[in-house]
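Trainee: Mind if I quiz you on how the labels in this one were earned?
Mentor: Go ahead, ask away.

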Amino acid sequence: MTFALLAGICQAEKYVTKKQPESKYMFEKYGLTFYDAENVNAYPIPDVLERLDGKGKTSSAKEWTVFSRPQIIEFFDREIYGAIPPRPKSLSFELAESSDDALGGIAKRRQYKITVGADGGSLTFDVLLYVPKSDTGKIPAFICPNFNGNHSVSDEKEVFIPQFYKIDKKGVSDPEKLRAQKLTRIPVRDIVSRGFAIATFCYYELYPDKKGEKAANRSVYKIFGKDKSGPAIVAWAWGNMRVMDLLETLPEIDTRHVAVAGHSRLSKTALVTGAHDERFAYVCANNGGCMGEALSKRRYGENIASMVNINFPYWFSPNLKKYADNEGALPIDQHHLLACIAPRMLYVTSSAEDYWADPEGQLLGLIHACPAFALFGGKNFPTLDALEIESPFHGDVAYHIRSGKHNITQYDWKNFIDYAIKRGWKPSPPKLSDK
Ligand code: GCU
């Protein structure tokens, strides 16, 4: 650990010497220095194998599974993200639109309306699914929520625009203008061509990404009745789980090979989803940064205080405030969350100019999670050498840092897919003779 940390400081200096970009989330009045290299060594990083109940070091996969992991998850539920909402009392999937000749003939398109219900009412959200037109029965899949609507990641005119734009413009004059505007963020054609299905939904339908009661009242919590509200990230994660429920009803999907992916706040969401729900065999955490993959105790880039006191209090459990400017009091750090995904597959990515997300802190988050993967036999783990740009590390966990800014790109997806295939996933590419 000491070696990794010392090396970490040197690397951090490399980043600090660069000019820091302005972020709309940095509030001068808050008076914090976000990029102080001295901070990164202020707190020791707790050993992920040290049990939270004080009973020493976890020494076997069984002990991890039975004691350590559940204790870590309980801590994150209580102190960090809040508990995942309960399963809905009712759940239905309506196939609202479909085509057997989508994306120029390589895919089947299915648009479902998922309706979830409980004592307080119901909520419906749209899922867009593309499945390669192949002749094998079992197709691996990605679930990846989007920011602006399913129509923003497809250029097909049939793809629905989310209903919420009727009441909440989200700063957009005409939501139709968003159609196909984010094709490279979830490159459905690339994904399908390589033999994977892709399911996407707009996270905003589960919890409008805003502070205040209005947004909370429109969120999925309303189905559980009055005063049952909770935070946003676990609501979005719950959305991923309901899409998994849908995929489980589809015979052509290989439900033992379903990944959850997400960018930025949706990377934090992907990690929370995968940590809780073992149906997800693979988590792709793209540029999640603070409260995603990055170690909070480094206090480099975004920090807990700026999140819970200013920008995003509604994303988290109110208890997270205890640790704002007080990271030393945390018995865990984000590597504990990553470790809860072991022994399943985990891919973390950074962008070289994404200082706000602390690329080195993300990689260190992954490195410090590796002892949990080692309990299950993992041996091939990254070091800080993986910070070399565009030299992906694909071992018993995976990492790459891409040049450029905070984003998710075709390069990231290509690598998520390459890694899945290296780890034995069997893609099912479209049968071109059918075209
Ligand atoms: C902001 C926020 C990050 C978040 C990101 C995003 O930069 O501070 O925590 O990951 O937005 O979701 O794009």
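Trainee: Where does Ser 152 lie?
Mentor: Keep in mind that this is a predicted model. Ser 152 is in the loop that runs between strand 4 (139–143) and helix 3 (188–193).

Trainee: Why is Ser 152 called buried?
Mentor: Buried means under 20% relative accessible area. Ser 152 has 1% relative accessibility, so it counts as buried.

Trainee: How far apart are Ser 152 and Lys 177 in sequence and in space?
Mentor: They are separated by 25 residues in sequence, and by 8.7 Å in space, C-alpha to C-alpha.

Trainee: On to the loops with odd backbone angles. What is notable about phi of Arg 299?
Mentor: Phi of Arg 299 is positive, near 50°, and the residue is not a glycine. You'll find Arg 299 in the loop between strand 7 (282–286) and helix 7 (304–311).

Trainee: And why does Arg 299 count as buried?
Mentor: The relative accessibility of Arg 299 is 15%. The cut-off for buried is under 20%, so Arg 299 counts as buried.

Trainee: What about Asp 325: buried, exposed or partly exposed?
Mentor: Buried stops under 20% and exposed starts over 50%, with partly exposed in between. Asp 325 has a relative accessible area of 40%, so it is partly exposed. Asp 325 sits in the loop between helix 7 and helix 8, and it has a positive phi of about 55° without being a glycine.

Trainee: What makes the peptide bond between Ala 342 and Pro 343 a cis one?
Mentor: Look at omega: for the bond joining Ala 342 and Pro 343 it is about 0°, and the bond is cis. Pro 343 is in the loop between helix 8 (334–339) and strand 8 (345–351).

Trainee: Now helix 9. How do you know that its span agrees with what a helix of 17 residues should have?
Mentor: At 1.5 Å a residue, helix 9 (residues 359–375) should span 24 Å, and its end C-alpha atoms are 26 Å apart, so the two agree.

Trainee: Where is the kink in helix 9?
Mentor: At Ala 369, shortly before the proline Pro 371, and it is about 35°. After helix 9 comes Gly 377, which has a positive phi near 105°.

Trainee: What makes helix 9 "mostly covered"?
Mentor: Of its 17 residues, 15 are buried. Helix 6 is mostly covered too, with 11 of its 12 residues buried; among them are Arg 265, Lys 268 and Gly 274.

Trainee: And how does the span of helix 6 compare with the expected one?
Mentor: Helix 6 (residues 265–276) reaches 17 Å from its first C-alpha to its last, close to the expected 16 Å.

Trainee: Let's finish with the ligand. Which residues come nearest to it?
Mentor: There are 10 residues around the ligand, and Ser 264, Arg 265, Lys 268, Glu 302 and Trp 356 come nearest. By class, that shell has five nonpolar, two polar and three charged residues.

Trainee: What makes the pair between Glu 302 and the ligand a polar contact?
Mentor: A polar contact needs a pair of N or O atoms within 3.5 Å. A polar side-chain atom of Glu 302 is 2.5 Å from an oxygen atom of the ligand, so by that cut-off it qualifies. Arg 265 also has a polar side-chain atom 2.5 Å from a ligand oxygen, and an N or O atom in the side chain of His 406 is 3.3 Å from an oxygen atom of the ligand.

Trainee: How much of the ligand does the protein bury?
Mentor: Taken alone, the ligand exposes 320 Å², and the protein buries 89% of that.

Methods: Residues are numbered from 1 along each chain as its sequence is written. This is a predicted model: local features need pLDDT of at least 70, side-chain atom pairs count only at pLDDT 80 or more; totals for chains, interfaces and linings use all residues. Side-chain values use heavy atoms; hydrogens and water are left out. Helices (H or I, at least four residues) and strands (E, at least two) are DSSP runs, numbered from the N terminus. The expected span of a helix is 1.5 Å times one less than its number of residues. The bend at a residue is the angle between axes fitted to the seven residues ending there and the seven starting there. Buried means under 20% relative accessible area, exposed over 50%, partly exposed in between (1.4 Å probe, protein chains only). A residue is near a molecule or strand if one of its heavy atoms lies within 4 Å of it. A polar contact is a pair of N or O atoms within 3.5 Å; within protein, one must be able to donate a hydrogen and the other to accept it, and residues adjacent in sequence count only if both atoms are side-chain atoms. Accessible areas come from the Shrake-Rupley method with a 1.4 Å probe; for residues, only the protein chains shown count as cover. Ala, Val, Leu, Ile, Met, Phe, Trp, Tyr, Cys and Pro count as nonpolar, Asp, Glu, Lys and Arg as charged, and the others, Gly among them, as polar.
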